[in-house]
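Hi,

Here is the model I said I'd pass along. Have a look at it first, and my notes on what turned up follow below.

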Amino acid sequence: MQKSVRLKSFELIAQDINSVDVSLLHALSTGVGWPHRLKDWEFLRRAGHGIVAVDGIGRVFGSAMWFPHGDDFATIGLVITSPRTQAEGNGRWLMQQVFEHCGDRKLALNSTIAAHKLYVSLGFTAEATVYQYQGEVAAALPALPSLDGELSELSPDKIEEIFALDTFAFGTNRDRLLTLLSEGASICVLRRNGATVGYSMCREFGRGHVVGPVVASNDRDAIHLAAVHLKDLAGQFARVDTREKGPFADFLQQSRLAISETVTTMSKGRPFLNREANEPAVYGLAGHALS
Ligand SMILES: CC(C)(COP(=O)(O)OP(=O)(O)OC[C@H]1O[C@@H](n2cnc3c(N)ncnc32)[C@H](O)[C@@H]1OP(=O)(O)O)[C@@H](O)C(=O)NCCC(=O)NCCS
C-alpha cells in the first residue's frame, strides 16, 4: 500500500499518530471546528490506533484512527484532512491506510455530511442517523417517569459489572474501552431484581461533559440513567449523542439540549446495529469516533 501521497502542493507520508506532538492533532481538529481538547486527543490515542499525514517538515495535514474491539470489529474516527488539502485525495488515501491496518475486521463509523460520499464510495452502508444534542442543561429537569429499580454509583474498580450488559447492547465486547472510559467518568448503574439492567457514564469532553455510553432496555430506564448526570450539570454545557427519536430524545430537549449536528452511522462488512425491542440497547453513544 502506498505510504506517501502527492497532493497538488504537498508530498505527504503516513506516520503513526503517536509520533507527533498532540498539539498538532489539536490544531488539526480545531481547524475543522471540532471541540476536542488536548486531553481528548490523549485519551483517544490511548484507546485506539491511528495515522497522520505529515509533510517533509513535520506539519500534520490529516489524521485517521481505528478502535479495534475483539478479533473482528473496529470503529473508525478522527478522519480529518486540513482544509488546505481537502478534495485532493488525502481523505481517500488515509482511509486506504486504515483498511490495510484493519485487515478483515468489520467496520463501523459515524459519518459527517462532508465525508458521506467518500465512505459510500469505499463500500460503507448507511444504517441510522445520530443526533448530537448539546447545550446548557436546564436549571430544573422535566418530571421523570417512575423509577423501576435502584440507581447507584459504580466505582471504576467494579466496572466488570457492566461488561456483559454492554456487550449485548453494543454487539461486540468493548471491555478495554469501557475500562479506559471509566477512569475519568462518573458511572451509574440501574439494578432491578438483583440484575444490572442499565448503566450510564459521564465524563469531561470538548466544551463540557458528555453523557455516554447510556445502555438501557427501555426509554424510562434510559431517561433516569441520563438524568442522574444531567441534574448535576444544571447550567453547564453537556452533550448526548443518540440515535433515539422517541421519549429519550424528548427528555433531552426538555432538559434544554438541542440538536446541533447529525451524523450517519455506517458499516462495512456486516450490519452494525441490531436492536431488539425491550432488549438492552445503546441510547447514548460513547462518542462519534467510538460509536
Ligand atoms: C471528510 C474529509 C476527511 C474528506 O477528506 P478529503 O481530503 O477532502 O477527501 P478526498 O480528497 O480524498 O475526497 C474523497 C471524496 O470525497 C468527495 N469530496 C471531497 N471533497 C469534495 C468537495 N469539495 N465537493 C464534493 N465532493 C468532495 C469526493 O467524492 C471524493 O471522491 P473522489 O476521490 O472520487 O474525487 C474532509 O473533508 C474533512 O476533514 N472534513 C472535516 C472533518 C470531517 O467531517 N471528517 C469526517 C469524519 S466522519
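Let me start with one pair: E183 and R46 form a salt bridge, and their closest N and O atoms sit 3.1 Å apart. Bear in mind that this is a predicted model, so that distance is computed like everything else here.

Some context for that pair. The domain assignment splits the chain into domain 1, residues 4-104, and domain 2, which is made of 131-261 plus 274-284. R46 falls in domain 1 and E183 in domain 2. Between the two domains the count is two salt bridges, and there are also five residue pairs in polar contact, with both partners at pLDDT 80 or more.

Which elements give two or more residues to the side of domain 1 that touches domain 2? They are α2 (38-47) and β5 (73-81). Of these, α2 gives the most, with four residues. Sorted by class, that side of domain 1 has four nonpolar, four polar and three charged residues.

Now the overall numbers for the domain pair. The centres of domain 1 and domain 2, taken over C-alpha atoms, are 29 Å apart. Domain 1 puts 11 residues into the contact and domain 2 puts in 14. About 1,100 Å² is buried between them, and carbon and sulfur atoms give 60% of that area. On the domain 1 side, F43, R46 and H69 lose the most area to domain 2, together 43% of what that side buries. So R46 turns up twice, in the salt bridge with E183 and among the residues that lose the most area.

Another salt bridge to look at is R37 with E204, where the closest N and O atoms are 3.3 Å apart. R37 lies in the loop between α1 (22-31) and α2, while E204 is in strand β10 (residues 195-205), so this pair ties together parts that are 167 residues apart in sequence. Across the whole structure there are 14 salt bridges.

Last, the annotation. An unreviewed UniProt entry lists residues 12-148 as "domain: N-acetyltransferase". In the model, the end C-alpha atoms of that span lie 56 Å apart, and the span is 31% helix and 35% strand. Note that the bounds in the record, 12-148, are not those of domain 1 in the domain assignment, 4-104.

If you open the model, R46 and E183 are where I'd begin, followed by R37 and E204.

Cheers

Key. Residues numbered from 1 in each chain as written. Predicted model: local features only at pLDDT ≥ 70, side-chain atom pairs only at ≥ 80, totals over all residues. Heavy atoms only, no water. Domains from an automatic or database assignment. Contact = heavy atoms within 4.5 Å. Buried area = accessible area lost by both parts, 1.4 Å probe. Salt bridge = Lys/Arg side-chain N within 4 Å of Asp/Glu carboxyl O. Polar contact = N/O pair within 3.5 Å; in protein donor to acceptor, adjacent residues only side chain to side chain. Nonpolar A, V, L, I, M, F, W, Y, C, P; charged D, E, K, R; others polar. UniProt positions renumbered as here; feature names shortened; annotations may be inferred.
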